[in-house]
Amino acid sequence: NKMKKRTIVAIIALALAGTVQADSISVSKTQWTGAVNLVGDGYGVEPANNWYNTTSGTLLNLTSSAGVVTTMDFVLTNPGGVSTATGGGVYDNTPMRSGNLVYAVDSTLTLSGLSTSFDGSYDIIVYGTGFNAATGGNQGSFSDGTTTYYMQRPVTPNATLTQSTDINSSDGVDEGQYVRFNGLTGDTQTFTVSTVNGNTGIGGFQVVGTVIPEPATLGLLASIGGGLIWVRRKFTI
């Protein structure tokens, strides 16, 4: 009957629509398993249900906030070790309290599998972190090879994350705690983090865009869709 046909068509539409969605992949560096931000700290500027809190410098086939398995991988160098700011003092209010420190040797963050994980362009947000009480705040640079932004941890407590658009470290422009690279394309992106003043580092990152499930998930959804179409045809005979 007509009601059954409409119901089956709706189920098919929902199944196929679920293959592509606006979503994010979010990773926060931690010093030990289970370590997370302290209460009151900002936990990223893009809402996310699932954050990877990880000590690892490499993760494969990351899952999105909505639970979609992708083909995206990340590799983060760790030349200065991983450390966590503790307590609630004025120099401990880092956006992502734990992070890969940067001393004399730069850190690099490489994300791959992006073109098969995101439909079209995507944005990448890189969060900074700092630990020692450097005069004026810990300052570092974040570069994608084309544009270099400067991040500075505030010298007073502030749980609000501020975006940095500063491309000149000495122009007196207020710097923030994260940088955002918009409208990126391509399968691989590499970011370099350098220390300008004191210690800095990578506290975490988010990739924001329209997520495509990894091939196995797409195959499963296609099978479900095909089966539902067969059922619909059966009802129409």
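**Entry 1: salt bridges**

I began with the charged pairs and found that the structure holds two salt bridges. I was working on a predicted model throughout. In one of the two, Glu46 pairs with Arg180, and the closest N and O atoms are 3.0 Å apart. I looked up where these partners sit: Glu46 belongs to the loop between strand 1 (21–29) and strand 2 (51–54), while Arg180 belongs to strand 11 (residues 178–184), so that the pair links distant parts of the chain, 134 residues apart.

I then turned to the pair Asp123 and Arg180, whose side chains meet in a salt bridge at 3.1 Å, N to O. This pair also links distant parts of the chain, with Asp123 in strand 8 (residues 122–129) and Arg180 in strand 11, 57 residues apart. I noted that salt bridges that share partners join Glu46, Asp123 and Arg180 into one network.

Which members of this network are buried? I found that both Asp123 and Arg180 are. Arg180 counts as buried because its relative accessibility is 17%, under the cut-off of 20%. Glu46, at 21% relative accessibility, counts as partly exposed, and I recorded the value since that cut-off is 20%.

**Entry 2: Asp144**

Next I looked at Asp144, which I located in the loop between strand 9 (139–143) and strand 10 (148–152). What is the nearest side chain of opposite charge to Asp144, and how far away is it? I found that it is Arg180, 12 Å away, and that Asp144 is buried yet has no salt bridge.

I therefore checked which polar atoms the carboxylate does reach, taking a polar contact as a pair of N or O atoms within 3.5 Å. The side chain of Asp144 reaches the backbone nitrogen of Thr146 at 2.9 Å, and a polar atom of that side chain also lies 2.8 Å from the backbone nitrogen of Thr147. Leaving aside residues up to four places away in sequence, I listed Phe181, Leu184, Thr190 and Phe191 as the residues that Asp144 touches.

**Entry 3: the nonpolar cores**

I went on to the nonpolar side chains, with the expectation that in soluble globular proteins such side chains tend to be buried together. The largest nonpolar core has 28 residues, and those with the most contacts inside it are Met72, Phe74, Leu109, Leu111, Ile124, Val126 and Val207. I noted the elements that give two or more residues to this core, namely strand 1, strand 4 (73–76), strand 7 (107–112), strand 8, strand 10, strand 11, strand 12 (189–197) and strand 13 (200–211). Which strand supplies the largest share of this core? I found that strand 13 does, with four residues.

I followed Val207 in particular and, not counting residues up to four places away in sequence, found that it touches Asp23, Ser24, Ile25, Met72, Leu111, Leu114, Phe118, Tyr122, Asp123 and Ile124. Val207 thus has a contact with Asp123, a residue I had already entered as a salt-bridge partner of Arg180. Apart from the largest core lies another, of six residues, among them Ile125, Tyr127, Leu161 and Tyr178.

**Entry 4: individual positions**

I looked up Asn61 for its backbone, and found a positive phi of about 50° although the residue is not a glycine. I kept the entry because most residues other than glycine have a negative phi. Asn61 has its place in the loop between strand 3 (58–59) and strand 4, and at 42% relative accessibility it counts as partly exposed.

I then took Arg97 and Ser98 in turn. Arg97 lies in the loop between strand 5 (82–84) and strand 6, and is buried, with a relative accessible area of 7%. Its C-alpha atom is separated by 6.6 Å from that of Thr129, 32 residues apart along the chain. Ser98 is in strand 6 (residues 98–102) and counts as buried at 5% relative accessibility. The C-alpha atoms of Ser98 and Thr54, 44 residues apart along the chain, are separated by 9.9 Å.

**Entry 5: the chain as a whole**

I closed with the totals. I counted two helices and 13 strands in the chain, and noted that 45% of its 237 residues count as buried. Of the contacts with a separation of 6 or more, 72% are accounted for by residues 24 or more positions apart. The accessible surface comes to about 11000 Å², and 55% of it belongs to carbon and sulfur atoms.

Definitions and conventions
Residues are numbered from 1 along each chain as its sequence is written. This is a predicted model: local features need pLDDT of at least 70, side-chain atom pairs count only at pLDDT 80 or more; totals for chains, interfaces and linings use all residues. Side-chain values use heavy atoms; hydrogens and water are left out. Buried means under 20% relative accessible area, exposed over 50%, partly exposed in between (1.4 Å probe, protein chains only). Lys and Arg count as positive and Asp and Glu as negative; His and the chain ends are not counted. A salt bridge is a side-chain nitrogen of Lys or Arg within 4 Å of a carboxyl oxygen of Asp or Glu. A polar contact is a pair of N or O atoms within 3.5 Å; within protein, one must be able to donate a hydrogen and the other to accept it, and residues adjacent in sequence count only if both atoms are side-chain atoms. Contact means heavy atoms within 4.5 Å. Accessible areas come from the Shrake-Rupley method with a 1.4 Å probe; for residues, only the protein chains shown count as cover. A nonpolar core is a set of buried Ala, Val, Leu, Ile, Met, Phe, Trp, Tyr and Cys residues joined through side-chain atoms within 4.5 Å.
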